[in-house]
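Work through these short exercises with the model in view. Try each task before you read its solution.

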Amino acid sequence: MLLANNMEVFSPGTKSLQNHLLNRMLVYVYREFRLRERPGVLSQIRADEVPIQHPLTEAIVRKRLKHCADLKKGPNGHYYWTQRPDFRIPSEEELRRLVSPESVCCHESMQAGLHRLNRLGIEKLTQPVGLASAMNQLPDEAIELAAAAHIERELQITSWNLTSNFVACRENIERLEITGVGDPSGRGLGFSYVRVTPKGPVPNSSHKKKSAAAKGTTVTGTDADLRRLSMDCFSNSEFWTSKLIN
């Protein structure tokens, strides 16, 4: 899903994702401070009420909130973020600029993509970079090659990779396949935003493995047709992922 011509879905583990989550947390804190304003009383929020989403940590949150609040222990043993007396709560218009609807959509699109990968058993990989060389280390067995190709394909069509490819193409950095696995219609009615693999000298073994996995031809040492393998072969994607990254 492309949200705008120049926007990319957040990629898991990146600085842009962390900044977005910090901004959402700040907006929540600012609005809570405003709701709890009382004459002569500083607004407070219990520390465990502040939304801390992965990959944020308490240390990161403390550093980000120190400009507007102090962390203090209350009489009941709970910790509270207490608004600093000299801090001005931003206006609602400023808060809406801090977290735009488009950035929220980017984050939710990333979460949906991660959920899909997790359901497929792909939990430790988010980028297809390096998978091609890892596939070259696998034995010439049809099931292993097909599983590796399946994992690579699923990573290529994640929302963060497709939007990143599209933006890079608009800036003349990358070229796109236009047709292929990235076509959301699955029947040639859409466009594939998977980037074109740079051409270069490819070892015979690597070419043979890739063509076998992609086209369903037989592989050395087996007469199995990859197109006829059942989905049971892919049911344990976590196992195949571990073989690729180890």
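**Exercise 1.** Find the salt bridge partner of Arg84 and place both residues.

Solution. Arg84 forms a salt bridge with Asp70, with the closest N and O atoms 3.0 Å apart. A salt bridge here is a side-chain nitrogen of Lys or Arg within 4 Å of a carboxyl oxygen of Asp or Glu. Arg84 lies in the loop between strand 3 and helix 3 and Asp70 in strand 2, so the pair ties together parts 14 residues apart in sequence. Helices (H or I, at least four residues) and strands (E, at least two) are DSSP runs, numbered from the N terminus.

This is a predicted model: local features need pLDDT of at least 70, side-chain atom pairs count only at pLDDT 80 or more, and totals for chains, interfaces and linings use all residues. Residues are numbered from 1 along each chain as its sequence is written, and side-chain values use heavy atoms, leaving out hydrogens and water.

**Exercise 2.** Is strand 3 largely enclosed or open? Then find its partners.

Solution. Take burial to begin with. In strand 3 (residues 79-83), 4 of the 5 residues are buried, so the rest of the structure largely encloses this strand. Buried means under 20% relative accessible area, exposed over 50%, partly exposed in between (1.4 Å probe, protein chains only). Now the pairing. Strand 1 (residues 44-46) runs antiparallel to strand 3, joined by 3 bridges. Strand 2 (residues 69-73) pairs with strand 3 in the antiparallel sense over 5 bridges. Pairing requires at least two DSSP bridges between two strands. Leu71 stands opposite Trp81.
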